[in-house]
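Work through the exercises below with the sequence and the 3D structure at hand. Each task is followed by a solution in steps.

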Amino acid sequence: MIALIPPVAGGAGLFRVSDEPLSLDEVVRAVTSDEHGGVVTFTGVVRRRSRGKTIVRLEYEAYRPMAERKLAEIGAQLAAEQPGVRVAIVHRVGALAVGDVAVVIAASAPHRAAAFDACRAAIDRLKESVPIWKKEIAEDGEEWIGLGP
């Protein structure tokens, strides 16, 4: 299932949670503009080692309608804070192997500094506020990450 949310306040309109492999090109296209000289991307990939453990895979779950709404809100907030900025965010759910792409973010702006700032803020805000949960399956057990105090 995919959802494309209409652009809001300068947002790129691509804020999605997906079961399918992610495309960096798709996310970059969503923010590209003839008026923007800076395009910055972040790609989050499943790594082999985390918190001293050897990871076998990750499992992501999300409350999709709220997660996609929160992703769009992040894009709108960043566009309001830095006029001219466009952001697109796509996050994968399901079982992901080491090396799989979990999240792709692109931010564009007339100048590079604003694009860098927006891209970093987007991943930080996603981690803080979007209802997407991660379970690490390691060689010695499994654990939900980031739940509760």
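**Exercise 1: a helix pair**

Helix 2 and helix 3 cross in the right-handed sense. In this predicted model, find the angle and the axis distance of the pair, then list the residues in contact and sort them by class.

Solution.
Step 1. Two packed helices are described by the angle between their axes and the distance between the axes.
Step 2. For helix 2 (residues 64–81) and helix 3 (residues 112–129), the packing angle is about 140° and the axes lie 10 Å apart.
Step 3. On the side of helix 2, the contact is made by Lys-70, Leu-71, Ile-74, Gln-77, Leu-78 and Glu-81. Helix 3 meets them with Ala-118, Ala-121, Ala-122, Arg-125, Leu-126 and Ser-129.
Step 4. Sorted by class, this contact of helix 2 with helix 3 holds 7 nonpolar, 2 polar and 3 charged residues.

**Exercise 2: the sheet**

Determine the strand order of the open sheet and identify the strands at its edges.

Solution.
Step 1. The open sheet has 4 strands in the order 1-5-7-2, and its pairing is mixed.
Step 2. Strand 1 and strand 2 (38–45) each have a single partner strand, so they stand at the edges, with one side of each lacking a neighbour in the sheet.
Step 3. From one strand to the next, the twist averages 10°.
Step 4. Strand 1 (residues 15–18) pairs with strand 5 in the parallel sense over 4 bridges. Within this pairing, Ser-18 has Arg-92 of strand 5 as its bridge partner.
Step 5. Strand 5 and strand 7 (residues 101–109) run antiparallel and are joined by 6 bridges. Ile-89 has Ile-105 of strand 7 as its bridge partner, and Val-90 stands opposite Val-104 in strand 7.

**Exercise 3: around strand 5**

Decide whether strand 5 is largely enclosed or left open, and state which strands helix 1 and helix 3 touch.

Solution.
Step 1. Strand 5 covers residues 86–92, and 6 of its 7 residues are buried, so the rest of the structure largely encloses this strand.
Step 2. Helix 1 (residues 24–31) lies across strand 1, strand 2, strand 5 and strand 7, and runs at about 25° to strand 7.
Step 3. Helix 3 also packs on the sheet, where it touches strand 2, strand 5 and strand 7. The direction of helix 3 makes about 145° with that of strand 7.

Conventions
Residues are numbered from 1 along each chain as its sequence is written. This is a predicted model: local features need pLDDT of at least 70, side-chain atom pairs count only at pLDDT 80 or more; totals for chains, interfaces and linings use all residues. Side-chain values use heavy atoms; hydrogens and water are left out. Buried means under 20% relative accessible area, exposed over 50%, partly exposed in between (1.4 Å probe, protein chains only). Helices (H or I, at least four residues) and strands (E, at least two) are DSSP runs, numbered from the N terminus. Two strands pair if DSSP finds at least two bridges between them. Axes are lines fitted to C-alpha atoms, for helices over the stretch in contact, and angles run from 0 to 180 degrees between N-to-C directions. A crossing is left-handed if the near helix is turned anticlockwise from the far one by less than a right angle, and right-handed if clockwise. Contact means heavy atoms within 4.5 Å. Ala, Val, Leu, Ile, Met, Phe, Trp, Tyr, Cys and Pro count as nonpolar, Asp, Glu, Lys and Arg as charged, and the others, Gly among them, as polar.
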